[in-house]
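The exercises below are to be worked through with the sequence and the coordinates at hand, and each task is followed by a solution in steps.

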Amino acid sequence: MVCSATTSHLPALGNAADDAVVHAMHVGAVWIMFIALFGAAVLLLALCAIRKPAAAGGAPEPARDGGPTADETAPRAEAEDLTAREGDDVGTR
């Protein structure tokens, strides 16, 4: 890159400009590193807050958003098994 300092025969000014560019790149890289570390810490805290351990009492937690509780989703002994078996579709045509 040809700058005006080197064309005007002032090499000290050209070296100072190069040093300023390198310094600005280093400062920018340090700021980006801090921002990335802060973002990683926030993400880690957010993910840890989501993963709470199960209740120690053994009782199922109440359902959220109107969904079924753990007891309602468990298979019942008297429930009829409706899984398809080979040959079930014979004679349905």
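**Exercise 1.** In which helix is the place of F34?

*Solution.* In this predicted model, F34 belongs to helix α2, which covers residues 11-50. To set that helix in its context, note that the protein has three helices and zero strands, and that its elements, read from the N terminus, follow the order α-α-α.

**Exercise 2.** Classify F34 as buried, partly exposed or exposed, and then name the surface patch that includes F34.

*Solution.* The relative accessibility of F34 is 48%. Because buried means under 20% and exposed over 50%, with partly exposed in between, F34 counts as partly exposed. As for the patch, F34 joins V30, M33 and L37 in a nonpolar surface patch of about 380 Å². For the protein as a whole, 2% of the 93 residues count as buried, and the exposed area is about 8,800 Å², of which carbon and sulfur atoms supply 65%.

**Exercise 3.** Which element of the protein has the highest mean pLDDT, and which the lowest?

*Solution.* Helix α2 has the highest mean pLDDT, 94, whereas helix α3 (residues 70-73) has the lowest, 58. Over the protein the average pLDDT is 76, with 48% of the residues scoring at least 70. Where pLDDT is low, predicted coordinates should not be read in detail.

Key. Residues numbered from 1 in each chain as written. Predicted model: local features only at pLDDT ≥ 70, side-chain atom pairs only at ≥ 80, totals over all residues. Heavy atoms only, no water. Patch = residues over 30% accessible without salt bridge, like charges linked within 9 Å, V, L, I, M, F, W, Y side chains within 5 Å. Areas by Shrake-Rupley, 256 points an atom, 1.4 Å probe, with all protein chains shown as cover. Salt bridge = Lys/Arg side-chain N within 4 Å of Asp/Glu carboxyl O. Helix = DSSP H or I, 4+ residues; strand = E, 2+ residues; numbered from the N terminus. Buried < 20%, exposed > 50% of the residue type's maximum accessible area, 1.4 Å probe, protein only. pLDDT = per-residue confidence, 0-100.
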